[in-house]
Amino acid sequence: MHDRRQIIRAAIAAPLACALPGWARAATPPTDDVAMARFIAGLPKAEFHVHLEGTLEAEMKFALAKRNNLSLPYADVEAMKRSYIYHDLPSFLKIYYDGMQVLLTEQDFYDLAYGYLSKAASQNVLYAEMFFDPQEHLKRGVPIEAVIGGITRARADAAKTLGIQSQLILCFMRDLSAASAMEALDAALPYKDKLVGVGLDSDEKGNPPEKFAEHFAKARAAGLHVTMHCDVNQENTLGNIRTALVDLKAERIDHGGNIVQSPELVALAKSLGIPFTVCPTFSGKVMDDGQPINALREMLDAGLKVSVNSDDPAYMGSEYITEVLVRAQKDSALTPAELVRIERNAFETAWIPAEQRDGYLARLDAYAQSWDLTA
Ligand code: ADE
Ligand code: ZN
(Lines give C-alpha, C1' and ligand atoms only; values in the text may rest on other atoms or scores of the structure.)
(Ligands and ions follow the chains in the order given, each with its own letter.)
Protein backbone atom coordinates (compact mmCIF):
# COMPACT_ATOMS: atom_id res chain seq x y z
CA MET A 1 0.00 0.00 0.00
CA HIS A 2 1.21 3.48 -0.81
CA ASP A 3 1.98 5.95 1.91
CA ARG A 4 0.05 9.22 1.28
CA ARG A 5 3.23 11.32 1.29
CA GLN A 6 4.69 8.99 -1.35
CA ILE A 7 1.63 9.53 -3.53
CA ILE A 8 1.96 13.32 -3.16
CA ARG A 9 5.67 13.13 -4.02
CA ALA A 10 4.81 11.07 -7.08
CA ALA A 11 2.16 13.59 -8.09
CA ILE A 12 4.74 16.39 -7.83
CA ALA A 13 7.19 14.42 -9.95
CA ALA A 14 4.59 13.31 -12.52
CA PRO A 15 4.56 14.77 -16.04
CA LEU A 16 3.20 18.28 -16.00
CA ALA A 17 -0.57 18.45 -16.19
CA CYS A 18 -0.40 21.24 -18.76
CA ALA A 19 1.47 18.86 -21.08
CA LEU A 20 -1.32 16.29 -20.95
CA PRO A 21 -3.85 15.90 -23.78
CA GLY A 22 -7.22 17.50 -23.09
CA TRP A 23 -9.02 14.22 -22.30
CA ALA A 24 -6.46 13.34 -19.62
CA ARG A 25 -6.65 16.65 -17.75
CA ALA A 26 -8.62 17.21 -14.58
CA ALA A 27 -11.88 18.91 -15.43
CA THR A 28 -12.57 20.09 -11.90
CA PRO A 29 -10.50 22.08 -9.42
CA PRO A 30 -8.33 19.93 -7.12
CA THR A 31 -10.14 18.81 -3.98
CA ASP A 32 -7.68 16.42 -2.30
CA ASP A 33 -3.96 16.49 -1.43
CA VAL A 34 -2.88 14.39 -4.38
CA ALA A 35 -4.79 16.42 -6.96
CA MET A 36 -3.58 19.62 -5.25
CA ALA A 37 0.05 18.48 -5.51
CA ARG A 38 -0.48 17.68 -9.20
CA PHE A 39 -2.15 21.05 -9.73
CA ILE A 40 0.76 22.88 -8.05
CA ALA A 41 3.39 20.88 -9.94
CA GLY A 42 1.88 21.82 -13.29
CA LEU A 43 1.14 25.44 -12.43
CA PRO A 44 3.16 27.83 -14.64
CA LYS A 45 5.38 29.73 -12.20
CA ALA A 46 7.72 32.67 -11.82
CA GLU A 47 10.29 33.10 -9.06
CA PHE A 48 11.86 36.40 -7.95
CA HIS A 49 13.38 35.72 -4.59
CA VAL A 50 16.06 33.10 -4.94
CA HIS A 51 19.70 33.70 -4.01
CA LEU A 52 21.83 31.74 -6.47
CA GLU A 53 24.40 31.09 -3.73
CA GLY A 54 21.51 29.76 -1.65
CA THR A 55 20.91 27.06 -4.28
CA LEU A 56 24.42 25.63 -3.78
CA GLU A 57 23.55 22.08 -2.80
CA ALA A 58 25.94 20.14 -0.55
CA GLU A 59 26.65 17.67 -3.38
CA MET A 60 27.78 20.49 -5.66
CA LYS A 61 29.84 22.05 -2.85
CA PHE A 62 31.82 18.82 -2.56
CA ALA A 63 32.26 18.61 -6.34
CA LEU A 64 33.47 22.23 -6.60
CA ALA A 65 35.79 21.87 -3.59
CA LYS A 66 37.37 18.86 -5.30
CA ARG A 67 37.74 20.69 -8.61
CA ASN A 68 39.29 23.71 -6.87
CA ASN A 69 41.57 21.68 -4.56
CA LEU A 70 39.86 22.91 -1.41
CA SER A 71 39.16 20.83 1.65
CA LEU A 72 35.87 21.02 3.51
CA PRO A 73 35.46 20.45 7.25
CA TYR A 74 32.81 17.71 6.73
CA ALA A 75 33.22 13.98 6.19
CA ASP A 76 30.45 13.80 3.61
CA VAL A 77 27.32 15.40 2.18
CA GLU A 78 25.12 14.13 5.00
CA ALA A 79 27.42 15.57 7.68
CA MET A 80 27.45 18.89 5.85
CA LYS A 81 23.66 18.96 5.63
CA ARG A 82 23.39 18.13 9.34
CA SER A 83 25.41 21.29 10.06
CA TYR A 84 22.72 23.51 8.50
CA ILE A 85 21.20 24.49 11.82
CA TYR A 86 20.21 28.13 12.35
CA HIS A 87 17.69 30.01 14.44
CA ASP A 88 17.73 33.54 13.05
CA LEU A 89 19.06 35.64 10.16
CA PRO A 90 22.67 36.08 11.42
CA SER A 91 23.07 32.37 12.25
CA PHE A 92 21.68 31.48 8.81
CA LEU A 93 23.97 33.96 7.05
CA LYS A 94 27.08 32.52 8.68
CA ILE A 95 26.35 29.08 7.16
CA TYR A 96 25.36 30.61 3.82
CA TYR A 97 28.55 32.71 3.44
CA ASP A 98 30.79 29.85 4.61
CA GLY A 99 29.22 27.63 1.96
CA MET A 100 29.95 29.87 -0.99
CA GLN A 101 33.73 29.88 -0.46
CA VAL A 102 34.03 27.03 -2.98
CA LEU A 103 32.84 29.25 -5.84
CA LEU A 104 35.95 30.48 -7.61
CA THR A 105 35.84 30.19 -11.40
CA GLU A 106 33.55 31.20 -14.24
CA GLN A 107 32.66 27.52 -14.66
CA ASP A 108 31.68 27.30 -10.96
CA PHE A 109 29.19 30.13 -11.40
CA TYR A 110 27.94 28.55 -14.63
CA ASP A 111 27.35 25.22 -12.88
CA LEU A 112 25.63 26.89 -9.94
CA ALA A 113 23.24 28.91 -12.12
CA TYR A 114 22.58 26.09 -14.60
CA GLY A 115 21.86 23.73 -11.70
CA TYR A 116 19.24 26.08 -10.27
CA LEU A 117 17.69 26.82 -13.67
CA SER A 118 17.34 23.13 -14.55
CA LYS A 119 15.68 22.42 -11.22
CA ALA A 120 13.36 25.42 -11.65
CA ALA A 121 12.50 24.46 -15.26
CA SER A 122 11.68 20.91 -14.10
CA GLN A 123 9.16 22.48 -11.70
CA ASN A 124 7.52 24.53 -14.45
CA VAL A 125 9.13 27.85 -13.57
CA LEU A 126 8.87 29.77 -16.85
CA TYR A 127 10.77 32.82 -15.64
CA ALA A 128 13.13 33.66 -12.76
CA GLU A 129 14.87 36.77 -11.44
CA MET A 130 17.85 35.56 -9.41
CA PHE A 131 19.91 37.36 -6.76
CA PHE A 132 23.67 37.14 -6.40
CA ASP A 133 26.09 38.61 -3.82
CA PRO A 134 29.17 39.88 -5.71
CA GLN A 135 30.88 41.48 -2.70
CA GLU A 136 31.43 38.11 -1.08
CA HIS A 137 33.12 36.85 -4.27
CA LEU A 138 35.15 40.01 -4.93
CA LYS A 139 36.50 39.69 -1.35
CA ARG A 140 38.02 36.33 -2.32
CA GLY A 141 39.62 37.82 -5.43
CA VAL A 142 37.11 36.37 -7.90
CA PRO A 143 36.78 38.84 -10.80
CA ILE A 144 33.30 40.21 -11.49
CA GLU A 145 33.60 38.96 -15.11
CA ALA A 146 33.83 35.38 -13.84
CA VAL A 147 30.75 35.80 -11.64
CA ILE A 148 28.51 37.61 -14.10
CA GLY A 149 30.02 35.83 -17.11
CA GLY A 150 29.38 32.31 -15.76
CA ILE A 151 25.83 33.10 -14.69
CA THR A 152 25.04 34.82 -18.00
CA ARG A 153 26.33 31.87 -20.03
CA ALA A 154 24.17 29.52 -17.93
CA ARG A 155 21.11 31.73 -18.44
CA ALA A 156 21.61 31.64 -22.22
CA ASP A 157 22.12 27.86 -22.30
CA ALA A 158 19.13 27.24 -20.02
CA ALA A 159 16.93 29.43 -22.21
CA LYS A 160 18.03 27.51 -25.31
CA THR A 161 18.01 24.01 -23.88
CA LEU A 162 15.32 24.14 -21.19
CA GLY A 163 13.14 27.03 -22.34
CA ILE A 164 13.41 28.90 -19.02
CA GLN A 165 13.97 32.67 -19.21
CA SER A 166 15.80 34.49 -16.42
CA GLN A 167 17.38 37.76 -15.35
CA LEU A 168 19.88 38.76 -12.69
CA ILE A 169 19.68 41.08 -9.67
CA LEU A 170 22.87 42.28 -7.97
CA CYS A 171 22.46 42.48 -4.19
CA PHE A 172 24.33 44.87 -1.94
CA MET A 173 25.37 43.17 1.29
CA ARG A 174 24.02 45.61 3.85
CA ASP A 175 26.30 44.44 6.69
CA LEU A 176 29.44 45.36 4.73
CA SER A 177 30.50 48.97 4.28
CA ALA A 178 28.78 51.39 1.94
CA ALA A 179 32.15 51.77 0.17
CA SER A 180 32.37 48.03 -0.49
CA ALA A 181 28.85 48.05 -2.02
CA MET A 182 29.81 51.01 -4.22
CA GLU A 183 32.94 49.17 -5.42
CA ALA A 184 30.80 46.17 -6.38
CA LEU A 185 28.32 48.39 -8.20
CA ASP A 186 31.10 50.19 -10.08
CA ALA A 187 32.70 46.87 -11.01
CA ALA A 188 29.36 45.55 -12.30
CA LEU A 189 28.08 48.61 -14.15
CA PRO A 190 30.12 47.85 -17.32
CA TYR A 191 27.98 44.64 -17.44
CA LYS A 192 24.70 46.38 -16.71
CA ASP A 193 23.11 44.88 -19.82
CA LYS A 194 23.44 41.51 -18.03
CA LEU A 195 21.53 42.82 -14.97
CA VAL A 196 17.89 43.75 -14.52
CA GLY A 197 18.12 45.33 -11.08
CA VAL A 198 19.79 45.78 -7.72
CA GLY A 199 18.69 44.50 -4.33
CA LEU A 200 19.72 44.63 -0.69
CA ASP A 201 20.30 41.57 1.46
CA SER A 202 22.25 40.16 4.44
CA ASP A 203 21.98 41.28 8.06
CA GLU A 204 19.48 44.10 8.53
CA LYS A 205 20.32 44.82 12.17
CA GLY A 206 22.03 48.23 12.28
CA ASN A 207 22.01 48.40 8.47
CA PRO A 208 18.87 50.30 7.44
CA PRO A 209 18.04 50.84 3.76
CA GLU A 210 19.09 54.53 3.80
CA LYS A 211 22.74 53.40 4.19
CA PHE A 212 22.53 52.61 0.45
CA ALA A 213 20.52 55.61 -0.82
CA GLU A 214 23.37 56.75 -3.06
CA HIS A 215 23.86 53.24 -4.49
CA PHE A 216 20.20 52.86 -5.37
CA ALA A 217 20.14 56.29 -6.99
CA LYS A 218 23.19 55.44 -9.10
CA ALA A 219 21.78 52.06 -10.12
CA ARG A 220 18.45 53.63 -11.02
CA ALA A 221 20.21 56.28 -13.10
CA ALA A 222 21.90 53.41 -14.96
CA GLY A 223 18.47 52.03 -15.86
CA LEU A 224 18.29 49.24 -13.26
CA HIS A 225 15.24 48.31 -11.19
CA VAL A 226 15.37 48.48 -7.39
CA THR A 227 14.21 45.96 -4.79
CA MET A 228 15.12 45.51 -1.11
CA HIS A 229 14.96 42.86 1.57
CA CYS A 230 12.93 43.84 4.60
CA ASP A 231 13.40 40.60 6.54
CA VAL A 232 10.72 39.74 9.09
CA ASN A 233 10.83 40.66 12.79
CA GLN A 234 13.83 42.97 12.46
CA GLU A 235 14.70 45.96 14.59
CA ASN A 236 12.65 48.96 13.36
CA THR A 237 11.12 46.68 10.75
CA LEU A 238 8.16 48.98 9.94
CA GLY A 239 10.45 52.01 9.82
CA ASN A 240 12.68 50.22 7.32
CA ILE A 241 9.70 49.25 5.15
CA ARG A 242 8.56 52.87 5.18
CA THR A 243 12.04 54.15 4.25
CA ALA A 244 12.31 51.60 1.44
CA LEU A 245 8.95 52.65 -0.01
CA VAL A 246 8.88 56.38 0.64
CA ASP A 247 12.48 57.60 0.62
CA LEU A 248 14.22 55.02 -1.56
CA LYS A 249 11.27 54.35 -3.88
CA ALA A 250 11.80 50.58 -3.90
CA GLU A 251 9.77 48.99 -6.68
CA ARG A 252 9.48 45.71 -4.82
CA ILE A 253 9.96 44.43 -1.25
CA ASP A 254 11.57 41.06 -0.53
CA HIS A 255 9.85 39.42 2.48
CA GLY A 256 8.23 42.46 4.17
CA GLY A 257 5.71 40.39 6.17
CA ASN A 258 5.59 42.79 9.12
CA ILE A 259 3.73 45.27 6.93
CA VAL A 260 0.48 43.61 8.01
CA GLN A 261 1.03 45.22 11.43
CA SER A 262 0.55 48.67 9.88
CA PRO A 263 -2.73 49.37 8.06
CA GLU A 264 -1.24 52.69 6.94
CA LEU A 265 1.76 51.00 5.25
CA VAL A 266 -0.51 48.35 3.72
CA ALA A 267 -2.62 51.15 2.19
CA LEU A 268 0.53 52.88 0.93
CA ALA A 269 1.97 49.70 -0.63
CA LYS A 270 -1.38 48.97 -2.29
CA SER A 271 -1.69 52.47 -3.66
CA LEU A 272 1.83 52.18 -5.10
CA GLY A 273 1.14 48.66 -6.45
CA ILE A 274 4.23 47.27 -4.66
CA PRO A 275 4.82 43.52 -5.02
CA PHE A 276 6.11 41.44 -2.10
CA THR A 277 8.25 38.33 -2.60
CA VAL A 278 7.31 36.12 0.33
CA CYS A 279 9.41 33.09 1.27
CA PRO A 280 7.26 31.05 3.66
CA THR A 281 10.07 28.62 4.51
CA PHE A 282 12.23 31.34 6.03
CA SER A 283 9.98 34.26 6.80
CA GLY A 284 6.54 32.74 7.12
CA LYS A 285 5.92 33.76 10.73
CA VAL A 286 5.61 37.37 11.79
CA MET A 287 5.74 37.85 15.55
CA ASP A 288 2.89 40.06 16.67
CA ASP A 289 2.79 40.85 20.40
CA GLY A 290 4.71 37.63 21.03
CA GLN A 291 2.27 35.59 18.91
CA PRO A 292 3.22 34.15 15.50
CA ILE A 293 0.97 35.13 12.63
CA ASN A 294 0.97 33.66 9.13
CA ALA A 295 2.51 36.36 6.94
CA LEU A 296 1.38 34.92 3.60
CA ARG A 297 -2.25 34.47 4.70
CA GLU A 298 -2.46 37.95 6.21
CA MET A 299 -0.78 39.61 3.24
CA LEU A 300 -3.12 37.91 0.77
CA ASP A 301 -6.14 38.82 2.88
CA ALA A 302 -4.91 42.43 3.02
CA GLY A 303 -4.97 42.47 -0.79
CA LEU A 304 -1.20 42.88 -1.24
CA LYS A 305 0.46 41.68 -4.45
CA VAL A 306 2.23 38.63 -3.07
CA SER A 307 4.36 36.01 -4.83
CA VAL A 308 5.76 32.85 -3.22
CA ASN A 309 9.46 32.04 -3.50
CA SER A 310 12.11 29.61 -2.28
CA ASP A 311 14.85 32.04 -1.01
CA ASP A 312 17.80 29.70 -0.26
CA PRO A 313 16.50 26.22 -1.03
CA ALA A 314 19.81 24.34 -0.58
CA TYR A 315 19.81 25.46 3.07
CA MET A 316 16.07 24.99 3.57
CA GLY A 317 15.62 21.27 3.21
CA SER A 318 16.26 21.38 -0.56
CA GLU A 319 12.66 22.50 -1.00
CA TYR A 320 12.32 24.30 -4.31
CA ILE A 321 9.33 26.27 -5.52
CA THR A 322 6.88 23.38 -5.99
CA GLU A 323 7.60 21.94 -2.55
CA VAL A 324 7.41 25.43 -1.05
CA LEU A 325 3.99 25.99 -2.64
CA VAL A 326 2.72 22.56 -1.57
CA ARG A 327 3.68 23.34 2.01
CA ALA A 328 2.35 26.91 1.82
CA GLN A 329 -0.95 25.65 0.43
CA LYS A 330 -1.46 23.59 3.56
CA ASP A 331 -0.03 26.07 6.09
CA SER A 332 -1.94 29.02 4.68
CA ALA A 333 -5.03 27.16 3.42
CA LEU A 334 -4.51 28.48 -0.10
CA THR A 335 -7.33 27.80 -2.51
CA PRO A 336 -6.60 26.82 -6.13
CA ALA A 337 -7.80 30.28 -7.19
CA GLU A 338 -5.36 31.89 -4.73
CA LEU A 339 -2.51 29.80 -6.11
CA VAL A 340 -3.35 31.05 -9.59
CA ARG A 341 -3.60 34.58 -8.19
CA ILE A 342 -0.11 34.26 -6.65
CA GLU A 343 1.41 33.29 -10.00
CA ARG A 344 -0.61 35.97 -11.76
CA ASN A 345 0.84 38.53 -9.30
CA ALA A 346 4.30 37.20 -10.12
CA PHE A 347 3.97 37.41 -13.90
CA GLU A 348 2.25 40.81 -13.66
CA THR A 349 5.12 42.27 -11.62
CA ALA A 350 8.07 40.66 -13.43
CA TRP A 351 10.60 43.06 -14.91
CA ILE A 352 9.98 41.95 -18.50
CA PRO A 353 8.57 43.38 -21.75
CA ALA A 354 4.77 43.40 -22.23
CA GLU A 355 4.83 40.75 -24.95
CA GLN A 356 6.71 38.26 -22.79
CA ARG A 357 4.33 38.97 -19.90
CA ASP A 358 1.26 38.46 -22.08
CA GLY A 359 2.61 35.09 -23.22
CA TYR A 360 3.10 33.90 -19.63
CA LEU A 361 -0.32 35.17 -18.55
CA ALA A 362 -1.95 33.39 -21.49
CA ARG A 363 -0.29 30.12 -20.42
CA LEU A 364 -1.44 30.65 -16.85
CA ASP A 365 -5.01 31.38 -17.97
CA ALA A 366 -5.06 28.27 -20.17
CA TYR A 367 -3.77 26.16 -17.30
CA ALA A 368 -6.38 27.54 -14.88
CA GLN A 369 -9.12 26.86 -17.42
CA SER A 370 -7.91 23.30 -17.92
CA TRP A 371 -8.70 22.79 -14.21
CA ASP A 372 -12.02 24.56 -14.59
CA LEU A 373 -10.80 27.66 -12.76
CA THR A 374 -10.98 31.22 -14.01
CA ALA A 375 -7.63 32.96 -13.62
N1 ADE B 1 20.89 36.32 1.97
C2 ADE B 1 20.42 35.14 1.52
N3 ADE B 1 19.16 34.96 1.93
C4 ADE B 1 18.81 36.05 2.65
C5 ADE B 1 17.65 36.45 3.31
N6 ADE B 1 16.54 35.73 3.30
N7 ADE B 1 17.67 37.62 3.95
C8 ADE B 1 18.76 38.39 3.95
N9 ADE B 1 19.87 38.06 3.32
C10 ADE B 1 19.90 36.90 2.67
ZN1 ZN C 1 16.38 36.51 0.55
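How much of the chain over residues 44-366 is helix, and how much is strand? I put this to the structure before anything else, noting that the model is predicted.

**Entry 1: the annotated domain.** I looked up the UniProt record, an unreviewed entry, and found residues 44-366 listed there as "domain: Adenosine deaminase". Over that range I read 49% helix and 17% strand. I also noted that the C-alpha atoms at its two ends are 10 Å apart.

**Entry 2: strand S3 and its partners.** I turned next to S3, which spans residues 165-173. Eight of its nine residues are buried, and I therefore recorded the strand as mostly covered. I then asked which strands pair with S3. Strand S2 (residues 125-132) pairs with S3 in the parallel sense, over six bridges. Within that pairing, I found Phe-131 bridged to Ile-169 of S3. Strand S4 (residues 197-201) also pairs with S3 in the parallel sense, over five bridges. Here I noted Leu-170 opposite Val-198 of S4. I followed the chain from S3 through helix H9 (residues 178-188) to S4 and recorded a right-handed β-α-β unit.

**Entry 3: helix H11.** Which residues of H11 are buried? In this helix, residues 237-247, I listed Thr-237, Asn-240, Ile-241, Ala-244 and Leu-245 as buried. These residues lie on the same side of H11, because they cover an arc of only 125 degrees around the axis. I recalled that an α-helix has 3.6 residues a turn, so residues three or four places apart point the same way. On the face turned away from the buried side of H11, I found the exposed residues Val-246 and Asp-247.

**Entry 4: the shell of ligand 1.** I listed the residues that surround ligand 1: His-51, Gly-54, Leu-89, Tyr-96, Asp-201, Ser-202, His-229, Asp-231, Phe-282, Asp-311 and Asp-312. Sorted by class, I recorded three nonpolar, four polar and four charged residues in this shell.

**Entry 5: Asp-312.** I singled out Asp-312, one of the residues around ligand 1, and consulted the record again. The unreviewed UniProt entry places the feature "binding site" at Asp-312. I located Asp-312 in the loop between strand S10 (305-308) and helix H15 (321-331). Is Asp-312 buried or exposed? I counted 24 other C-beta atoms within 10 Å of Asp-312. The cut-off for a buried residue is 20 or more, and I therefore entered Asp-312 as buried.

Terms used
Residues numbered from 1 in each chain as written. Chains lettered and ligands numbered in written order. Predicted model: local features only at pLDDT ≥ 70, side-chain atom pairs only at ≥ 80, totals over all residues. Near = placed C-beta within 6 Å. Nonpolar A, V, L, I, M, F, W, Y, C, P; charged D, E, K, R; others polar. UniProt positions renumbered as here; feature names shortened; annotations may be inferred. Helix = DSSP H or I, 4+ residues; strand = E, 2+ residues; numbered from the N terminus. Buried ≥ 20, exposed ≤ 12 C-beta atoms within 10 Å, placed from the backbone. Pairing = 2+ DSSP bridges. Right-handed = clockwise from strand over helix to strand, strands pointing away. Arc of directions from axis to C-beta.
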